[in-house]
Amino acid sequence: MGVPRFYRWLSERYPLINEVIEPEQIPEFDCLYLDMNGIIHHCSHGNTPDVAIPEDEVWMDVFKYISDLYSRIKPKRLLYMAVDGVAPRAKMNQQRSRRFRTALDAVEANERAVKNGDPPKSIDTFFDSNSITPGTAFMERLTQQLRFFTQKMINENPLWQGVDVVVSGPDVPGEGEHKIMDYIRTTKSQPDYDPNTRHCVYGLDADLIMLTLATHEPYVALLREEVIFGPEKTDARSLVRPDRLQLLHIHVLREYLALEFGEDDLERVIDDFVLFCMLVGNDFLPHLPYTGVGDGGLERLFTAYKTYRKKEESSDDPWLVEHGGGINWANFLKYLTVYSTSEEKFLAEEVSKSHWQIGRRRRCGGNGRGGSRISYEYQVKTGLGYPKSPEEARLQYYKVKAECDTKEERDQLVRDYMEGLQWSYSYYYRGPPSWHWYYHHHYAPFVSTMVNDFDDFAEAGSQIKFDGGGPVTPFQQLMSVLPASSGRKLLPRVFAPLFTSPSSPVKQYYPERFDIDIDGVKVPWGGTALINFVDENVLFKAMDDAVAEAERTGKNVLTAEEKMRNINGGAHVYRYDPSAKPVALKSTVPRFLPDLGHVTVDIEPFSHPPLPVGMDYFPHWVLPNCDLRKYEDCWPSLQTKTVVPRYAVGVKVFNFASQRQSMFLTMEESFDELMGSCKELLKAYAVQIDYPCVHRGRVVAIRYMTADGKVMRVTRDGEKAVSASTFRTDVEDELDYHDRHGLCFEFKSKDDELSSEDMEAEQPILEVRRVVGHRIERSGKRVYDFSAKTELRLAALCRVLEPHPIRVEEAKTGPQLVAGKRVIVSDLRSIYAGCVGTIRSIRPGEVAVDTEQPFGWDAAAAKSSAERMLRDKSDLRWYSPEVAASRAGLTVELWWMIAGSITAKLGRERVQVGMELFHWTRSEVSPGKSAWKMLVIPNYTRHSHNPETREDRWSFSNYAVQAVKDYMRAFPSVFDGLCDLDHVDTNLSLSAKRLLDTGTEDYEYELAKLKKWLGEQEFRRLPLVSPSYTALPRMGVQFLEGFADYQLKHEPTPPSITVSPEQLLGVENAKFVSKSCKELPRVGSRAVYVDAEGPAPVGARCIVTAVYGRPGQDMKVELLFDRPTFGCDTAFGRCSSMRGLVVAPSDILVLPVEASSSATTQKSAKTYTSLPKSNGVNDPRRQNGTGKSGKGKGARKAKKAPTVTYASRHPESTVLSRELQRMLGISSLPAERAQPAGLPNEV
């Protein structure tokens, strides 16, 4: 778990260390390391532990997650997957606390649900996250799954070939992140190590920041999901991938630390930084009193270190730590002495302002009365009054919390804490100095006690010794950390009596209830769990006795499989070796993946290299041959501009403006030089557009202000005058944005008439288009694809990266075809167009290719089927808002309210409980200009705007009607609360108590229940898109998926083909084929995926199931792949796992339809606007809501609309209020005006 709140604090202190990555703007990496436990937790239960997911689906989600991370980062040398093995005893205490709380939280949640009228859930429906612990059968199966997956990917995916893949499973001792760091430290120590190696570490623990800093490797980035604090914005529900990732750049963090503390010796400063940051707590030690991030502890620690360094600036050795992971206790005492004054001041303020708290507890597990397990709060009766001084408060702290009544006991607390600091610091730099040491207390001492009341501080530090020892066995760890409810299920039956038997010698280690100290705690998950510590000698002896007794009686004897689970093993490295003897592998997930019949993967035992002879510790400094400017054109760096630091508040890295001090960087620029450099920026082929991140783009225009106040817009074709007010607004908006991210400007000029503020407001602004793709031409030059969307950037933040396209490869004089090369058929006239395979043989004039995937169904047949489904839309019907409301049993006003945005407020919690079937957002319509844009949910909402009449036209589908009915049935109180409003709005903010008046006072539970239910609904999973969309209904997608499966069953073997050499291209240049294709993607188009840098493999065949947007306006297409493909997803839940993907049109090659088929298809094809022009009254099809004609054989009588349940609650039941009409841009319409059914939207 690491340091609580540290990640957020650091990101706000140094606002530019994070980068949200985009597919074409990711730095290159040599090594990718995955701390697997975060992935396993996410895939096995995520945020819904009460929903049991079939285990093979869990494994497939894990596979997909790994594949997705790998395809994005594309490491060049190594993939290292590290699963947590048995941990040092110091970590087990934290694991024990967390697992006990998790178990009781599940029990309490179930009882709370019953208390609020919900049915109880069987414990079998819960996924026990405690099973993600080494030694369980679940983790043993995980190891087998990773081995199968690794061999499959290496054998089948060319991206995985040529890379070493290491799997360090749960049978290898050590925490995942520490196994990774140990590998980096030991390889760095080898004489042949490349000092410019680029590392990417995926993990969620905040202490990874400290661990990577401690390696002193400059080229390291931490990869994790994008972190959003506060409510998620509706705009996040866009067509971009929902699992956005971000990189925290250690290289940039090092530069910030150099600015913060000076550059005397940055490496020694970083070592000190790692040490004093441990004082805020970690997985092995509690934080010092009042050093928590929320208490401002880090700021005071920083200030104290700066003061200490200033006092010791004349010292030859002012550092807090020694080489090799030792602490300089004499210097550390001096530092603590400086810090103690701020601690004393803070404590005095707490006491004087009556903020002092002592003895607040929450009893987890309830009181047992009536069998209740619901937790409750209480106050410990200490018998102590409110303290009159800081000294008295400290004595109360030691007496009530630390249970230290005498000086000797407080001295022992200090010694143990010092021992813990040394153990933790050694662990970060050298690995665990002892596997069995742990901190024997729940609390840390006051710094003033260490400084003023403890004798011989330095002497005590020098006497710290550790016994070393080896790791425990997996079963020993399980018995040490699991509560009885989990242990009985996850451990062999021989140990079950130790949890529950009254005569068990260790029963006291498995309490059914315990206290949590919540003094000063502001969040539900906070506090210190006061669980007793395990005496491992007593526990391990009891385990040995239980095993011996079982063997003596022959009852519950450990099986051979259970004994294997209890043995610590080793890691393995996997490499592609086509010369290896092929083997067959049985699938571990047969429901999803077939057996592997021809695997040529070499597997060898793997271990970390030892330190070279004579080296006592790894080099914790930047190696001499490391070039810190080697990657400045592709890695983020602050040093590409001249910046000066200052401190202020107000950065907005996350959803809220920070109230803490942040480092702002003032960029010093010469205004005259900046104006002169603009011409070079305009002429350049590619420039950096997002300082300090190296995101490439191209400048298409420059706007600047002349001396006489005119604004000129300069392009490559010339210049012209443009609006000055728009220019000033755009510059001001950009300045505000960068100010919120910690960047500001200081300009100087030879012209004394302009102040720095004037120059800042009049600086030139660029119109840029960012890179969205690239390809390598035959000449060897790298050519970019640029977005059609224009963005604005301040010229001061941009720099030239590539004056012209650069050559990255040797020029290709011919097709470069050799046996074994992967190629794509590029001739669009060929019946084999888009086929991808491997060259088997080459003869004059012809090349034999073994293709990789069956053709699937014919392009003409697929297109015809999709068009027929669009035309018929048997399960999709459209209604006017009035008819939709009537069918749902609502008034029109209530329909618009529930279909819009409703924010429910409960304390600090904000939950969106509206359905948001439509949403307004601001969008750029031209450079420097933006306008409101409507977004809708596909196949739920349609909207069009008539610019002549200025009328908006709406329709809602039967999907939307059914969703409203389901909502009303599940949470009728929400609709009751809306009916009681005296005004109508589509963007409401209301008290949750008003909407959840169900007769219970547990509004927190009801709001969480509503939030969870909404998250499970399809309308919340689908993206918000432009009204210009064409999308098959979900039944149509399911039909196509089933038909694709049927086709592949009848064509299981990929064919071999023979083509001419001129018809082939290497797969790395597959996008060339897409560029030459003039056919636009339409729903039903057969296509081949051609993006060599994308998540799916080149050559994967698919069908277009939706088209969002218009050509040239950032169009996106939704694809349904013929077979499961790692890197794909469910397309927002519209298809099965690993079958869907939303991409740009340039990522696919639309397969041509033969002329005869095309003519037949186009004859019946029709196009419609996003809302049909007919108002339905004069439409030949009667308004029966079916999409069928009201005449003839297929006619049927329209169903009567259901009773309008809530009609009587509003004065106007069928006619919109004038206020709402004006808001939605529509005129008053007859209540029974229905939209024609079955008409598709047009692209």
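S1085 sits in the loop that runs between helix α33 (1071-1076) and strand β41 (1086-1089), where helices (H or I, at least four residues) and strands (E, at least two) are DSSP runs numbered from the N terminus. The model is a predicted one, in which local features need pLDDT of at least 70 and side-chain atom pairs count only at pLDDT 80 or more, while totals for chains, interfaces and linings use all residues. Residues are numbered from 1 along each chain as its sequence is written, and side-chain values use heavy atoms, with hydrogens and water left out.

Although S1085 belongs to a loop, its relative accessibility is 4%, and it therefore counts as buried; the term buried means under 20% relative accessible area, exposed means over 50%, and partly exposed covers what lies in between, with a 1.4 Å probe and protein chains only. Leaving aside neighbours within four places in sequence, S1085 is in contact with L1080, C1102, I1103, V1104 and V1150, contact meaning heavy atoms within 4.5 Å. Two residues far back in the sequence can also be placed relative to this serine. The C-alpha atoms of S1085 and A866 are separated by 8.4 Å, with their positions 219 residues apart along the chain, and A862, 223 residues from S1085 in sequence, has its C-alpha 6.9 Å from that of S1085. A862 itself is part of helix α24 (residues 859-872), and its relative accessible area of 0% makes it buried.

From this one site the view can be widened to the whole chain. The chain has 35 helices and 45 strands, and of its 1243 residues 56% count as buried. Among contacts between residues at least 6 apart in sequence, 74% join residues at least 24 apart. The chain exposes about 53300 Å², of which carbon and sulfur atoms supply 50%; accessible areas come from the Shrake-Rupley method with a 1.4 Å probe, and for residues only the protein chains shown count as cover.

The helices offer the next point of entry. Two packed helices are described by the angle between their axes and the distance between the axes. Here the axes are lines fitted to C-alpha atoms, for helices over the stretch in contact, and the angles run from 0 to 180 degrees between N-to-C directions. Angles under 35 degrees count as roughly parallel, over 145 as roughly antiparallel, 65 to 115 as roughly perpendicular, and the rest as oblique.

Near the N terminus of the numbering, the axes of helix α1 (residues 6-13) and α10 come within 12 Å and cross at roughly 60°, so α1 and α10 are oblique to each other. In this pair F6, W9 and R13 of α1 meet L298, E299, F302 and K306 of α10, and the residues of the contact divide into four nonpolar, no polar and three charged. For these classes, Ala, Val, Leu, Ile, Met, Phe, Trp, Tyr, Cys and Pro count as nonpolar, Asp, Glu, Lys and Arg as charged, and the others, Gly among them, as polar. Helix α10 (residues 297-311) also holds R309, which is buried with a relative accessible area of 12%. Not counting residues up to four places away in sequence, R309 touches D264, V269, P318 and W319.

A second pair is formed by helix α4 (residues 89-115) and helix α16 (residues 474-481), whose axes come within 8 Å and cross at roughly 55°; α4 and α16 are therefore oblique to each other. Here M92, Q95, R96, R99 and F100 in α4 meet Q477, S480 and V481 in α16, and by class the contact has three nonpolar, three polar and two charged residues.

In the third pair, the axes of helix α27 (residues 958-970) and helix α30 (residues 1003-1015) come within 12 Å and cross at roughly 160°, so that α27 and α30 are roughly antiparallel. The residues D966, Y967 and A970 of α27 meet L1010, W1013 and L1014 of α30, and this contact has five nonpolar, no polar and one charged residues.

Some details of the backbone complete the picture. The peptide bond from Y691 to P692 is cis, with omega near 0°, and P692 is found in the loop between β18 (686-690) and β19 (693-705). E403, in the loop between α12 (390-401) and α13 (407-430), is not a glycine, yet its phi is positive, near 55°; at 62% relative accessibility E403 counts as exposed. A1131 likewise has a positive phi, of about 50°, although it is not a glycine, and it lies in the loop between β43 (1116-1121) and β44 (1140-1143), but A1131 is buried, with a relative accessible area of 2%.
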